[in-house]
Amino acid sequence: MEIEPFALERWLARHEHDAEVNLGDSGVRPLRADRFDLNPGSLGYVVPTNGDPDLRSAIGERYGRPADEVLVTCGTQEANLLVTLSLLDRDSHAVVVTPTYQSLHSLPAAVGEVTRVTLTPPDWSLDPDAVADAIRPETDLVVINNPNNPTGKHHPQETIEAVYDLAADAGAHLLCDEVYRPLAPPDERVDSVASMGQWGISTCGLSKGWGLPGLRIGWLAGPEPVVADAWAWKDYTTIAAPAVGQHVATQALDRETELLAANRAHARENRDLLDSFVTDHGLDWQYPVGVTGFVSVPGRFESGEEFALRLVEEGVVVVPGETFGRPEYVRVGFGVETATLRAGLDRIATVVEPGE
């Protein structure tokens with residue numbers, strides 16, 4: 001099995017460590033550890049290794065599924081890997097909606113064959129008919145990311161339901177990476193795919209919307225046979241999620257209303273700040289859900305990478321659209337502290353319109 005290099009991670013590895021202003025990250029500013037009790041009592045394995053039963057039960061309630069249909073993982077990345085390994089083999093075919101977080105197409109492509117369905121700019125809308133055209137008899141998995149990274153597009157309920165029905169009719173599972181779903185306003189939030197029926201699988205975690213990336217806690221929720229197979233694969237990856245991480249995750253879920261309301265308010269303030277910057281400088285983007293925006297490259301630059309490298313010279317890191325297959329954009333992460341975002345935008349302004 002071969003897998004292509006992770007372009008986004010390699011870019012960040014080269015540039016983010018020495019950045020004065022890092023707008024390359026894709027989550028909400030991390031919460032302080034002292035807001036939680038960090039003592040789990042023991043640093044042994046959490047048993048059973050599929051996750052603390054009470055934590056799995058609390059997660060499952062959010063999808064209308066029992067604890068046995070939830071697997072606690074080391075971040076959402078591991079959850080997506082385990083789903084891929086559980087459902088695909090060398091004879092399998094997957095349909096993946098792009099642009100998206102690279103692992104969502106690179107992992108399936110490392111195991112089987114992938115057909116990409118492309119979102120349509122400028123609003124990055126998804127045509128379910130394009131998904132229908134891409135599905136084959138050997139399709140075992142359809143993959144979508146909602147809200148989408150990098151564009152911030154929040155696909156509406158009717159679109160996700162249509163894609164779920166297409167997958168189910170084909171006997172394929174629909175995997176939806178929902179890691180930014182907690183940042184969607186509750187009254188606008190699309191139903192989780194795992195709550196739609198036996199063919200739905202949702203992955204999520206506490207890294208992005210919750211601002212708790214250092215916990216390395218994620219999960220997958222879905223039909224019991226898939227979850228059981230994923231657990232069997234997990235025996236060969238990380239065995240169990242960290243004890244401290246699961247201990248804090250339980251507290252975070254208990255305080256969900258408080259923590260997520262604060263993070264949504266923070267994201268909204270920063271999003272409006274970036275929206276004003278985009279408008280004032282004649283750029284374009286899809287007003288996003290989440291904390292990443294795909295911003296058009298200023299006309300005097302030939303590519304996202306050229307623009308991003310120029311910003312590195314100013315001490316600011318963003319992610320070139322080439323890492324998502326769209327060189328006419330850069331991804332700007334705006335979940336940082338508001339003062340940090342303002343400082344970054346001030347520096348970007350000197351590059352967008354030099355001499356002002």
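This is a guided tour of a predicted model of one protein chain, in an order suited to selection in a viewer.

**The whole chain**

Begin with the full chain displayed as a cartoon. The protein chain contains 11 helices and 12 strands. Its radius of gyration is 20 Å, close to the 21 Å that the globule rule gives for 356 residues, so the chain is as compact as a globular protein of that length. Along the principal axes, the C-alpha atoms occupy a box of roughly 60 × 50 × 40 Å.

Next, colour the chain by accessibility. Of the 356 residues, 57% are buried. The exposed area of the protein chain comes to about 14,900 Å², of which carbon and sulfur atoms supply 49%. When contacts between residues at least 6 apart in sequence are considered, 74% of them join residues at least 24 apart.

Then colour the charged side chains. There are 27 positive and 55 negative side chains in the protein chain. The centres of these two sets lie 5 Å apart.

**Helix 4 and its cover**

Select residues 103-111, which form helix 4. Eight of these nine residues are buried, so the helix is largely enclosed by the rest of the structure. The buried residues are Ser103, Leu104, His105, Ser106, Leu107, Pro108, Ala110 and Val111.

What covers the buried residues of helix 4? The cover includes helix 3 (75-87) and strands 3 (93-98), 4 (113-118), 5 (139-145) and 6 (173-177). Showing these elements together with helix 4 displays that part of its surroundings.

**Thr98, in strand 3**

Within the cover, select Thr98, which belongs to strand 3. Thr98 has a relative accessibility of 7% and therefore counts as buried, the cut-off being under 20%. Its C-alpha atom is separated by 5.0 Å from that of Thr118, although the two residues are 20 residues apart along the chain. Apart from neighbours within four places in sequence, Thr98 is in contact with His105, Arg116, Val117, Thr118 and Leu119. One of these partners, His105, is among the buried residues of helix 4.

**Gln102, ahead of helix 4**

Move to Gln102, in the loop between strand 3 and helix 4. Is Gln102 buried or exposed? With a relative accessible area of 6%, Gln102 is buried. Beyond its neighbours within four places in sequence, its contacts are Glu4, Pro5, Phe6, Ala7, Leu8 and Thr323. For a distance across the model, select the C-alpha atoms of Gln102 and Arg300: they are separated by 28 Å, and the residues are 198 apart along the chain.

**The loop between strand 4 and helix 5**

Pro122 and Trp124 are the next two selections. Most residues other than glycine have a negative phi, and most peptide bonds are trans. Pro122 is placed in the loop between strand 4 and helix 5 (128-134). The peptide bond from Pro121 to Pro122 is cis, with omega near 10 degrees.

Trp124 is also placed in the loop between strand 4 and helix 5. Although Trp124 is not a glycine, its phi is positive, at about 55 degrees. Its relative accessibility is 1%, and Trp124 counts as buried.

**Two further loop sites**

Select Pro147, in the loop between strand 5 and helix 6 (157-169). Here the peptide bond from Asn146 to Pro147 is cis, with omega near -10 degrees.

Continue to Arg216, in the loop between strand 7 (200-205) and strand 8 (218-221). Arg216 has a positive phi, near 55 degrees, in a residue other than glycine. At 36% relative accessibility, Arg216 counts as partly exposed, whereas Trp124 counts as buried.

**Thr292, in strand 9**

The last selection is Thr292, in strand 9 (residues 292-296). Thr292 is buried, with a relative accessible area of 1%. Which backbone oxygen lies 3.3 Å from a polar atom of the Thr292 side chain? That oxygen belongs to Pro150.

Expand the selection to the residues that Thr292 touches, not counting those up to four places away in sequence. Among them are the consecutively numbered Asn148, Asn149, Pro150, Thr151 and Gly152. The remaining ones are Ser26, Tyr180, Arg331, Val332 and Phe334.

Methods:
Residues are numbered from 1 along each chain as its sequence is written. This is a predicted model: local features need pLDDT of at least 70, side-chain atom pairs count only at pLDDT 80 or more; totals for chains, interfaces and linings use all residues. Side-chain values use heavy atoms; hydrogens and water are left out. Helices (H or I, at least four residues) and strands (E, at least two) are DSSP runs, numbered from the N terminus. The radius of gyration is taken over C-alpha atoms; the globule rule is 2.2 Å times the number of residues to the power 0.38. Buried means under 20% relative accessible area, exposed over 50%, partly exposed in between (1.4 Å probe, protein chains only). Contact means heavy atoms within 4.5 Å. Accessible areas come from the Shrake-Rupley method with a 1.4 Å probe; for residues, only the protein chains shown count as cover. Lys and Arg count as positive and Asp and Glu as negative; His and the chain ends are not counted. The place of a charge is taken as NZ of Lys, CZ of Arg, CG of Asp or CD of Glu. A polar contact is a pair of N or O atoms within 3.5 Å; within protein, one must be able to donate a hydrogen and the other to accept it, and residues adjacent in sequence count only if both atoms are side-chain atoms.
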